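Hello,

Here is the structure I promised to pass on to you. Please open it alongside this note, and I will walk you through what turned up.

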Amino acid sequence: MRFGRIAGVFVAVVLGLVAMAPAASAVPDGTVLDQWRWQSWATGGYLDHNPADGVHTRAENRGPHQWWEVTRYSDGTLRFMNVATKMCLDNSEHGVRGFGCNDGPWQRWRTGSWGTTYELVSMWNNHCLDNSHEGVRTMGCNGLAYQRWR
């Protein structure tokens, strides 16, 4: 009888500890969709990142510096990590650059559609990725060719 009571208390304690244990961690926010390339509608160049030149556009070469791994978050935003450099497309007070991935608002983007082209909108300042004679930067969204990507 005493053994049964002790066993019952033991089971109750174990079940209580299990109930208090944290649930298995959920799948981290962010699902890798695929690898994409972004071509500027205005210049025809492809978004490229390498340590020597930073983020810029360059003629198509199909190299790994022109491929971006796309991660989607539950809020609908996207993160672009360069396949070659493993740096993320970052837009902050330092401008558009490749920077170590950190999932902050500087590295989250949303897309707006213009039919067959898209605008890439930074969640940090709500500006569009722009490719003009000034280089790759963000500016207020205006729907012009310099801010359209395919």
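A word on terms before the tour: a residue is called buried when its relative accessible area is under 20%, exposed when that area is over 50%, and partly exposed in between (1.4 Å probe, protein chains only). Helices (H or I, at least four residues) and strands (E, at least two) are DSSP runs, numbered from the N terminus.

Please keep in mind that this is a predicted model, where local features need pLDDT of at least 70 and side-chain atom pairs count only at pLDDT 80 or more, while totals for chains, interfaces and linings use all residues. Residues are numbered from 1 along each chain as its sequence is written, and side-chain values use heavy atoms, with hydrogens and water left out.

Let me start with the whole chain. The protein chain holds one helix and 11 strands, in the order α-β-β-β-β-β-β-β-β-β-β-β along the sequence. Of its 150 residues, 35% are buried. Its accessible surface (Shrake-Rupley method, 1.4 Å probe; for residues, only the protein chains shown count as cover) comes to about 8,700 Å², and carbon and sulfur atoms supply 59% of that. If we take contacts (heavy atoms within 4.5 Å) with a separation of 6 or more, 41% of them are between residues 24 or more positions apart.

How confident is the predictor? The pLDDT score gives its confidence in each residue, from 0 to 100. The mean for the protein chain is 84, and 81% of the residues reach 70 or more. Among the elements, strand β6 (residues 87–92) has the highest mean pLDDT, 98, and helix α1 (residues 2–20) the lowest, 39. Please be careful with residues 1–27: pLDDT stays under 50 there, and the model has zero contacts for them beyond four places in sequence.

Next, have a look at strand β10 (residues 128–132), where five of five residues are buried. In a regular strand the side chains alternate between the two faces of the sheet. In β10 both faces are covered, with Cys 128, Asp 130 and Ser 132 buried on one side and Leu 129 and Asn 131 buried on the other. Two strands count as paired if DSSP finds at least two bridges between them; β10 and strand β11 (residues 135–139) have five, in the antiparallel sense. Together β10 and β11 make a hairpin with two residues between them, and Ser 132 has Gly 135 as its bridge partner in β11.

Finally, the disulfides (pairs of cysteine sulfur atoms within 2.5 Å). The whole structure has two of them, and with the bonded cysteines numbered in sequence order the pairing is 1-2, 3-4.

One disulfide is formed by Cys 88 and Cys 101, with sulfur atoms 2.0 Å apart. Cys 88 lies in strand β6 and Cys 101 in the loop between β7 (95–100) and β8 (109–113), 13 residues apart. This link is right-handed, with 90° about the S-S bond. Cys 88 counts as buried because its relative accessibility is 0%, whereas Cys 101, at 31%, counts as partly exposed.

The other disulfide joins Cys 128 to Cys 141, S to S 2.0 Å. This pair connects strand β10 with the segment after β11, 13 residues apart. The link of Cys 128 and Cys 141 is right-handed too, with 100° about the S-S bond. Cys 128 has 0% relative accessibility and so counts as buried, while Cys 141 is partly exposed at 38%.

Enjoy looking around!

Best wishes

Note on methods
pLDDT is the predictor's confidence in each residue, from 0 to 100.
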